[in-house]
Amino acid sequence: MVRSTQQLHPAREPVPVRAAATVLLLRDTPAGLEVLMTRRSATASFAPGAYVFPGGHIDEADEAAKRIATRRPTQSRVQRTQAIAAIREAFEELGILLAHHADGRPVSADDIASMDRNDTAGPAFADQCAARGLVLDSDKVFTFAHWITDRDLPKRFDVPFLVARMPEGQTPSADESEQFEPCWVRPADALARHDAGTFFMIFPTVRTLQRMAVYTTVDSVLAACAPGGAGEAPLWTSCPRGGLLKGQDVRYMEHEQPFGELALVCPNGQMLHALDWQSEQPVPLLKNVMRLTAPNPSAMTGPGTNSYIVGDAATGYIVIDPGPNDFDHIGRLWRATHGDIRMIVCTHSHADHSPGAAPLQALCKDAKPPILGLSSAPTARSSARFTAERELKDGERLVLSGTTAEGDTVTHTLRVIHTPGHAANHLCLVLEEDGLLFSGDHILNGSTTVVDPPDGDMSAYLGSLDTLDAACEAGGVEFILPAHGYVIGFARTAIAMLKAHRLKREAKIAAAMQKLPQGTPEEWLPLAYDDVPERMWPVAARSLAAHVARIRQLTAPQ
């Protein structure tokens, strides 16, 4: 866990969440699936003027209304209460009532017209329904998604996005107080109108409709939400995080590339971190960690190679992966450290990682820092030769220590982990005090690393993933700082997903080899990488070769 003393921004407790529920009422039309939406009041305290689904707070009366509500066997008590709240809100806001008479008759327009939709006066909703012999159809309301409002907002809700089929014979009518202009719209059309600036929606609504747009019928949506196994669960749960991109607020879900970086830099949800890629100056991630991205963007390097600077004015600095031999980049590294570089570490020998080491060392005229790492193996390509001044041992610790102006002792410890696979001489580093893993090219954000034989070895790569997983578990590592891309959160989950992806790809390659037993790698490639753009096949061919070598090794007679 990151030390609080190293966080860039003062801790701030996010506003507590309030329980709420919303429902997507759906119908089938010749043009496709449609969802009922309505516009919030321009003076509303939350999402003013936005097009939303009916919904609101869960209150005690919703719990009490269970006496007149149906329930599925797999529907939990909480889910039924949420469904009741959504049914009530749909009635109050739009005059839609998901209910039936105890004798099975559907709700009529007269039933609805006879009831008071005002939620602050008159008989309670449940009492009105009970007086008319109505039973709430909470068993026909399913959980589609679960959203928790972003940590930076002044009002926050814990809200399931529920789905239900629109009752036949009913017509929505806005309350003209909280909601206006009810409309039926296809998810894709709502998204297009939002992009055009004519149909404003907030982030969770947009992302929910993006997921909804893949379904063609109400039945297909409800089937996706149907209980599996012993219980029911939303298709996803998210508490987004926000940052700045080109000066504008942007938000991301947990599976998206910037999320981990926002969690590291602004753990309490402060909207302060700029996500723009630039190479002119280092980006502070913590008080003791900066990232300077080399100006070498490409299909292979993404935004560029990340050089990391660990340390502070009291301890001096370690530079991890000084990058290519780029004059301006090396100068920026030197200036960012005020020339007080104690060690230079290269995670491996590739041309976008190690060539900058010697020129950076040469700039430090007063005390030349040693260049550390693992020298390239004989299998390395001629463009990837590197000789370390000192070979780092597996498990070795590199320590920076000093005293601050206030008289406090501060220490930053990097532990070395040998991780062959991407390259024979690859290593990673764990910043022990803050639970950070510097992964070099072994783990990337947004792509999978190339394993290129003979210096790359797939069995070694997978084994190193296991080594890193064990190190993360033992050291409480939560974040991965890759050589390409943003910081990765949920470290162990990311490693598990990466390994699963590699094994899934290997299974496709093995299937291609079985289908064409006399085939060549060139013939297996289109079968095994049919989900990868053809322009990337030359790169994919290298990892295919590594998988083929591993498959043959595993299947060879013993």
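Begin by selecting α14, the element that gives the most to the lining of the second largest pocket, with 4 residues. Keep in mind throughout that this is a predicted model.

With α14 still highlighted, display the second largest pocket, whose volume is about 1000 Å³. Of the 40 residues that line this pocket, the closest to its centre are M300, T448, T449, V450 and V539, so labelled they make a convenient set of markers. Besides α14, the helix α12 (491-515) also gives two or more residues to the lining of the second largest pocket. If you colour the lining by class, you should find 15 nonpolar, 17 polar and 8 charged residues.

Next, add helix α13 (residues 521-528) to the selection and look at how it meets helix α14 (residues 537-555): the two axes come within 10 Å and cross at roughly 105°. The two helices are therefore roughly perpendicular to each other. To see the contact itself, show the side chains of P521, W524, L525, P526 and A528 in α13, which meet W537, A540, A541, L544, V548 and R552 in α14. The residues of this contact divide into 10 nonpolar, no polar and 1 charged.

Now move to the sheets. Select the 7 strands that form an open sheet with mixed pairing, in the order β13-β14-β15-β16-β17-β18-β19. At its edges are β13 (283-286) and β19 (390-391), each of which pairs on one side only. Within this sheet, zoom in on strand β14 (residues 289-293) and strand β15 (residues 306-312), which run antiparallel and are joined by 5 bridges. A useful place to centre the view is V289, which stands opposite V310 in β15. Then add helix α9 (residues 327-336), which packs on the sheet and touches β14, β15 and β16 (316-320), with a direction that makes about 165° with that of β14.

For the last stop, select the open sheet of 5 strands, again with mixed pairing, which follow the order β20-β21-β22-β23-β24. Here the edge strands, each pairing on one side only, are β20 (397-403) and β24 (479-482). Looking across this sheet, you can follow a twist that averages 20° from one strand to the next. Strand β22 (residues 427-431) and strand β23 (residues 436-440) run antiparallel and are joined by 3 bridges, and L429 stands opposite F438 in β23. Finally, bring in helix α11 (residues 458-475), which packs on the sheet, touching β21 (409-418), β22 and β23, and whose direction makes about 155° with that of β21.

How values were computed: Residues are numbered from 1 along each chain as its sequence is written. This is a predicted model: local features need pLDDT of at least 70, side-chain atom pairs count only at pLDDT 80 or more; totals for chains, interfaces and linings use all residues. Side-chain values use heavy atoms; hydrogens and water are left out. Axes are lines fitted to C-alpha atoms, for helices over the stretch in contact, and angles run from 0 to 180 degrees between N-to-C directions. Angles under 35 degrees count as roughly parallel, over 145 as roughly antiparallel, 65 to 115 as roughly perpendicular and the rest as oblique. Contact means heavy atoms within 4.5 Å. Ala, Val, Leu, Ile, Met, Phe, Trp, Tyr, Cys and Pro count as nonpolar, Asp, Glu, Lys and Arg as charged, and the others, Gly among them, as polar. On a 1 Å grid over the protein atoms alone, a cavity is a set of points where a 1.4 Å probe fits but cannot get out, and a pocket is an open set with protein on both sides within 12 Å along at least five of seven lines; lining residues have an atom within 4 Å of a point. Grid points are joined across faces, edges and corners, and a volume is the space filled by probe spheres set on the points. Two strands pair if DSSP finds at least two bridges between them.
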